[in-house]
Amino acid sequence: MDRTIIQDEEKAKKSRSAKLILLFAMVSMTMMFAGLTSAFVVSKSRADWLKDFQLPSAFYISTVAIIGCSVTFHLAKKAIQRDDRSKTTAFLLTTLALGILFVILQFIGFGQIVSEGYYFTGQASSITTTFLYIVTLMHLLHLAGGIISLLIIIYNHFKQKYNSTQTLGIELGAMYWHFLDILWVYLFLFLFFFK
């Protein structure tokens with residue numbers, strides 16, 4: 001009986017430590033994006049800032065896709081807490097598909113921007129599109145980390161490492177994807193209203 005209590009305490013301590021480390025990483029990432037968006041606001045006063053620039057339509061659709069990721073990851077977490085392995089699998093794979101769709105839509109959005117004659121680098125570029133490119137690519141880099149962690153979670157799920165008493169990996173993955181979702185919605189609204 002005492003051994004079970006000790007194991008439960010160690011498990012709870014490990015869970016708190018992992019969540020705290022992830023929270024620290026997310027705060028650091030938030031500070032980086034706050035710095036980028038602050039530089040964006042300061043740069044708006046430049047004479048060469050594009051006043052009539054519109055976000056590509058693919059960015060609107062990608063916003064829906066990443067919100068869907070957050071929803072399906074949450075549902076995966078709830079399903080594993082009920083030991084419903086088949087629903088957990090379906091929701092994790094749907095999250096992966098939506099995450100990949102988000103990335104594809106971001107690149108389609110870049111293509112739409114270029115097709116309108118706005119470039120990200122070189123003589124034909126503008127500070128507006130360069131900032132958009134940097135902010136979006138930085139988010140995509142963080143999303144790549146999310147996709148890698150999701151692939152590891154899916155692998156561990158197929159190895160049956162998660163159940164109603166062991167959900168830490170899925171919980172951490174869900175936390176990070178919710179963060180990515182909130183971060184993109186913030187960036188999208190920021191770019192939409194402060195263009």
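Helices are DSSP runs of at least four residues, numbered from the N terminus. By that count, Val114 sits in helix α3. The model described here is predicted. This briefing covers its core, its aromatic pairs, its largest pocket and a few single residues.

**The nonpolar core**

- The largest nonpolar core holds 50 residues.
- Within this core, Phe73, Leu143 and Trp177 touch the most other members.
- Five elements each give two or more residues to the core: α1, α2 (57-81), α3 (85-115), α4 (127-158) and α5.
- The largest share comes from α5, with 12 residues.
- Phe73 shows what such contacts look like. Leaving out residues up to four places away in sequence, Phe73 touches Leu92, Thr95, Leu150, Ile153, Ile170, Gly173, Ala174 and Trp177.

**Aromatic pairs**

- The whole structure contains 17 aromatic pairs.
- One of them joins Tyr60 and Phe188. Their ring centres lie 5.0 Å apart, with 80° between the planes. The pair counts as edge-to-face because that label applies to planes over 60 degrees apart.
- Tyr60 belongs to helix α2 and Phe188 to helix α5, so this pair ties together parts that are 128 residues apart in sequence.
- How exposed is each partner? Tyr60 is partly exposed, at 35% relative accessible area. Phe188 has 9% relative accessibility, so it counts as buried.
- Phe110 and Tyr133 form another edge-to-face pair. Here the centres are 5.5 Å apart and the planes meet at 65°.
- This second pair also links distant parts of the chain. Phe110 is in helix α3, Tyr133 is in helix α4, and 23 residues separate them in sequence.
- Phe110 is buried, with a relative accessible area of 6%. Tyr133 is partly exposed, at 28%.
- The residues of both pairs belong to one aromatic cluster. Its members are Phe59, Tyr60, Phe102, Phe107, Phe110, Phe120, Tyr133, Trp184, Phe188, Phe192 and Phe193.

**The largest pocket**

- Rolling a probe the size of a water molecule over the atoms shows where empty space is left.
- The largest pocket has about 150 Å³ of space.
- Two elements give two or more residues to its lining: α1 (2-43) and α5 (168-193).
- Which element gives the most to the lining? The answer is α1, with 4 residues.
- The lining is made up of Glu10, Lys11, Lys14, Ser15, Tyr162, Thr165, Gln166, Thr167, Leu168, Gly169 and Glu171.
- By class, the lining has 2 nonpolar, 5 polar and 4 charged residues.

**Val114 and His157**

- Val114, in helix α3, is partly exposed, with a relative accessible area of 29%.
- Leaving aside neighbours within four places in sequence, Val114 is in contact with Tyr119 and Phe120. Phe120 is also one of the residues in the aromatic cluster.
- Val114 and Ser125 are 11 residues apart in sequence. From C-alpha to C-alpha, they are 9.6 Å apart in space.
- His157 lies in helix α4. Is His157 buried or exposed? His157 counts as buried because its relative accessibility is 2%, and buried means under 20%.
- Setting aside neighbours within four places in sequence, His157 contacts Ile80, Arg85, Thr88, Thr89, Leu92 and Tyr162.
- Two of these contacts appear elsewhere in this briefing. Leu92 also touches Phe73, and Tyr162 also lines the largest pocket.

**Loop residues with positive phi**

- Most residues other than glycine have a negative phi.
- Asp83 is not a glycine, yet its phi is positive, at about 60°.
- Where is Asp83? Asp83 is in the loop between α2 and α3. With 41% relative accessibility, Asp83 counts as partly exposed.
- Gln160 is not a glycine either, and its phi is positive, at about 60°.
- The place of Gln160 is the loop between α4 and α5. Gln160 counts as exposed because its relative accessibility is 58%, and the cut-off for exposed is over 50%.

Key. Residues are numbered from 1 along each chain as its sequence is written. This is a predicted model: local features need pLDDT of at least 70, side-chain atom pairs count only at pLDDT 80 or more; totals for chains, interfaces and linings use all residues. Side-chain values use heavy atoms; hydrogens and water are left out. On a 1 Å grid over the protein atoms alone, a cavity is a set of points where a 1.4 Å probe fits but cannot get out, and a pocket is an open set with protein on both sides within 12 Å along at least five of seven lines; lining residues have an atom within 4 Å of a point. Grid points are joined across faces, edges and corners, and a volume is the space filled by probe spheres set on the points. Ala, Val, Leu, Ile, Met, Phe, Trp, Tyr, Cys and Pro count as nonpolar, Asp, Glu, Lys and Arg as charged, and the others, Gly among them, as polar. A nonpolar core is a set of buried Ala, Val, Leu, Ile, Met, Phe, Trp, Tyr and Cys residues joined through side-chain atoms within 4.5 Å. Buried means under 20% relative accessible area, exposed over 50%, partly exposed in between (1.4 Å probe, protein chains only). Contact means heavy atoms within 4.5 Å. Rings of Phe, Tyr and Trp (its six-membered ring) pair if their centres lie within 6.5 Å; planes under 30 degrees apart count as stacked, over 60 as edge-to-face and the rest as tilted.
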